[in-house]
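Biologist: I would be grateful for a close look at a single part of this structure. Please begin with one local detail, and then relate that part to the rest of the chain.

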Amino acid sequence: MLSTTVTDAAHKGALMKLDPTEIARTQFPNRDENGQDEAKVLELRKSIRSAGGNVEPIKVRVRPGTGEEGNPPVHECVYGHRRMDACASLGLPVLAVVVADMDDKALLIERIAENRGRSEYTALEQGRICLAALNAGHFRTQAALADDLGLDESQVSKALELARLPEEVLSAFSLSCELTYRDAKPLTDAVKANKQEVIEKAKTIATMEPRPCTKEVIKLLTEASHPARVERFKTCP
């Protein structure tokens, strides 16, 4: 950690320069890697290199239970992972607002708000972060989660259905970022109807080169949930 520290009241924290390689990643899911716009990632890195560092600070918290009784603080990224990663790849310190008192629920709410302000989560991204929040016990119910995060409850329900699909099914999609909220029901229904057949079909699709498009994968998986029906259809004159 660099020694320069400036208190910035506007950010309600200390503005510091930190070693990005020593900042822990948050436990909550981040953006899907296959949904990243590589051109934007490269442009971000280029702008940070040109400026000699990130102009817009990331936000980190002192992880609860650290920084006390002589123990060094563990900094954990609240938001700004891409800026943090860009600085790390360039060997530059990262400018960060450091807050000393932030619990997991507050971290989640602020993280989602900041990320949605930049670009909306995909359906699967939304589902994964909501599922992690529920599993961690930060919200009593799905309705409470939607209310506290300012999200539509029906949309949260569909997003959670996507996130709860077997990993084999999700791995069948080369671009899971293309899955939409309306895809949740047919995929969930297919798994409920014939989980083993759908999983086996998903494993086969995952080996295909080139991989079918998202709509075709959904079609193949839903058909696999009713193999007898598909076979009768194929044998009709």
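**Helix H5 and its surroundings**

Modeller: Just after helix H5, Gly 150 takes a positive phi of about 70 degrees. This value, like every other one here, comes from a predicted model. The helix that precedes Gly 150 covers residues 142-149, and its buried residues are Ala 144, Leu 145, Ala 146 and Leu 149. Against what do the buried residues of H5 pack? Their partners are three helices: H3 (104-118), H4 (123-135) and H6 (153-163).

Two of these partners, H4 and H6, lead us to the largest nonpolar core, since each of them supplies at least two of its residues. That core has 23 residues. Helix H7 (167-171), helix H8 (184-193), H9 and H10 also supply at least two residues each. Within the core, the residues with the most contacts are Leu 162, Val 169, Phe 173, Leu 179, Leu 187 and Leu 221. Leu 221 may serve as an example. Leaving aside neighbours within four places in sequence, Leu 221 is in contact with Val 169, Phe 173, Leu 187, Ala 190, Val 198, Lys 201, Ala 202 and Ile 205. Apart from this core lies another, of 22 residues, with Ile 129, Leu 131, Ala 133 and Leu 160 among them.

Helices H9 and H10 also carry salt bridges. In H9 (residues 195-206), Glu 200 and Lys 203 are three residues apart, about one turn of the helix. Their side chains meet in a salt bridge, at 3.8 Å from N to O. Glu 200 counts as partly exposed at 37% relative accessibility, and Lys 203 counts as partly exposed at 43%. In H10 (residues 214-224), Glu 223 and Lys 219 are four residues apart, so about one helical turn separates them. The closest N and O atoms of their salt bridge are 2.9 Å apart. Glu 223 is partly exposed, with a relative accessible area of 28%, while Lys 219 is partly exposed at 41%.

The structure holds twelve salt bridges. One of a different setting joins Glu 56 to Arg 83, whose closest N and O atoms are 3.9 Å apart. This pair links distant parts of the chain, 27 residues apart: Glu 56 lies in the loop between helix H1 (38-51) and strand S3 (58-62), and Arg 83 lies in helix H2 (residues 81-90). Is each partner buried or partly exposed? Glu 56 is partly exposed because its relative accessible area is 43%, whereas Arg 83 is buried because its relative accessible area is 8%. Elsewhere, Arg 61, Arg 63, Glu 76 and Asp 104 are linked in a network of salt bridges.

The chain also contains strands. Strand S2 (residues 13-18) is mostly covered, with five of its six residues buried. S2 pairs with strand S5 (residues 94-99) in the antiparallel sense over five bridges. Lys 17 stands opposite Leu 95 in S5.

Finally, some words on confidence are in order. The mean pLDDT of the protein chain is 86, and 87% of its residues reach 70 or more. Over residues 1-11, however, the pLDDT is below 50, and this stretch has 22 contacts in the model beyond near neighbours in sequence. The pLDDT is also below 50 over residues 230-237, a stretch with one contact in the model beyond near neighbours in sequence.

Key:
Residues numbered from 1 in each chain as written. Predicted model: local features only at pLDDT ≥ 70, side-chain atom pairs only at ≥ 80, totals over all residues. Heavy atoms only, no water. Buried < 20%, exposed > 50% of the residue type's maximum accessible area, 1.4 Å probe, protein only. Contact = heavy atoms within 4.5 Å. pLDDT = per-residue confidence, 0-100. Pairing = 2+ DSSP bridges. Salt bridge = Lys/Arg side-chain N within 4 Å of Asp/Glu carboxyl O. Core = buried A, V, L, I, M, F, W, Y, C linked by side-chain atoms within 4.5 Å.
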